[in-house]
Amino acid sequence: MPFMVGVPAPHTGWTFITSHARVLAAIADNPNIRVRDIAARCRLTERAVARIIADLEQDGYLSHTREGRTNTYRIDPDRVLRHPAEAGLTVASLLSLLVQDESERTRTPTGHL
């Protein structure tokens, strides 16, 4: 089956961060980001991003307002993460690990922890 234009190449294997967390981090980085841009950044399809946003909104982690053709998203930073292993951890604590400011993102990695 040929690769479709505009659809990110699929990732094989496991990852540390879920797609839901990646989408939430992209929105935290830019509350006015378009679904198309989230999809490109997270290497997901636009349909997958729309489903994830619906999940996050349904469970109260995210809301949006629409002005014209632009969505502005609002994350509830005090919402507690869903998994029992993260009991008591908030969305804000997760995002503090995932969202880098622009100066951090453009720096050359040193390879040191």
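This is a guided tour of one protein chain, to be followed selection by selection in a viewer.

**The whole chain**

Begin with everything displayed, and keep in mind that the model is predicted. If you colour the chain by confidence, you are looking at a model whose pLDDT averages 85, with 78% of the residues scoring at least 70. Confidence is highest in helix H3, at 98, and lowest in helix H5, residues 102–106, where the mean is 50. Now switch to a cartoon view, in which you can look for 5 helices and 2 strands, arranged along the sequence in the pattern α-α-α-β-β-α-α. Of the 113 residues in the chain, 21% are buried. Among the contacts with a separation of 6 or more, 40% join residues that lie 24 or more positions apart.

**The nonpolar core**

Next, select Val23, Ile27, Ile38 and Ile53, which are the residues with the most contacts inside the largest nonpolar core, a group of 22 residues. Several elements each supply at least two residues of this core, namely helix H1 (19–29), helix H2 (35–42), helix H3 (46–58), strand S2 (70–75) and helix H4 (91–98). As background, nonpolar side chains in soluble globular proteins tend to be buried together.

Stay with Val23 and display what surrounds this residue, leaving aside its neighbours within four places in sequence. Which residues is Val23 in contact with? The list consists of Ile38, Cys42, Leu44, Val49, Ile52, Ile53 and Leu56.

**H1 against H3**

Select helices H1 and H3 together, and turn the view until you can follow both axes, which lie 10 Å apart and make an angle of about 85°. An angle from 65 to 115 degrees counts as roughly perpendicular, and H1 and H3 are therefore described as roughly perpendicular to each other. To see where they meet, show the side chains of Ser19, His20, Val23, Leu24 and Ile27 in H1, and those of Val49, Ile52, Ile53, Asp55 and Leu56 in H3. Sorted by class, the residues of this contact divide into 7 nonpolar, 2 polar and 1 charged.

**H2 against H3**

Keep H3 on screen and replace H1 with H2, whose axis is 8 Å from that of H3, at an angle of about 105°. That angle makes H2 roughly perpendicular to H3. On the H2 side the contact is made by Val35, Arg36, Ile38 and Ala39, and on the H3 side by Glu46, Val49 and Ile53. Here the classes are 5 nonpolar, no polar and 2 charged residues.

While you are in this region, select Ala48, which is placed in helix H3. Is Ala48 buried or exposed? Ala48 is buried, with a relative accessible area of 13%. If you draw a distance from its C-alpha atom to that of Val35, 13 residues apart along the chain, the separation is 9.7 Å.

**The loop between H2 and H3**

Now move to Arg43, which is found in the loop between H2 and H3. As background, most residues other than glycine have a negative phi. Arg43 is not a glycine, yet its phi is positive, at about 60°.

**H1 against H4**

Bring H1 back and add H4; these two helices pack at an angle of about 80°, with their axes 10 Å apart. H1 and H4 are therefore roughly perpendicular to each other. Their contact is made by Ala21, Leu24, Ala25 and Ala28 of H1, together with Val91, Leu94, Leu95 and Leu98 of H4. The residues of this contact divide into 8 nonpolar, no polar and no charged.

Within H4, select Val91, which counts as buried at 0% relative accessibility. Not counting residues up to four places away in sequence, Val91 touches Leu24, Tyr61, Ile75, Asp76, Pro77, Arg79 and Leu81. One of these, Ile75, is 16 residues from Val91 in sequence and 8.3 Å away in space, C-alpha to C-alpha.

**The segment before H1**

For the last stop, select Ile17, which lies in the segment before H1. Ile17 is partly exposed, with a relative accessible area of 29%. Leaving out residues up to four places away in sequence, Ile17 touches Arg22 and Leu98. The C-alpha atoms of Ile17 and Leu98 are separated by 9.1 Å, although the two residues are 81 residues apart along the chain.

Technical notes:
Residues numbered from 1 in each chain as written. Heavy atoms only, no water. Core = buried A, V, L, I, M, F, W, Y, C linked by side-chain atoms within 4.5 Å. Buried < 20%, exposed > 50% of the residue type's maximum accessible area, 1.4 Å probe, protein only. Helix = DSSP H or I, 4+ residues; strand = E, 2+ residues; numbered from the N terminus. Contact = heavy atoms within 4.5 Å. Axes fitted to C-alpha atoms, helices over the stretch in contact; angles between N-to-C directions. Parallel < 35°, antiparallel > 145°, perpendicular 65-115°, else oblique. Nonpolar A, V, L, I, M, F, W, Y, C, P; charged D, E, K, R; others polar. pLDDT = per-residue confidence, 0-100.
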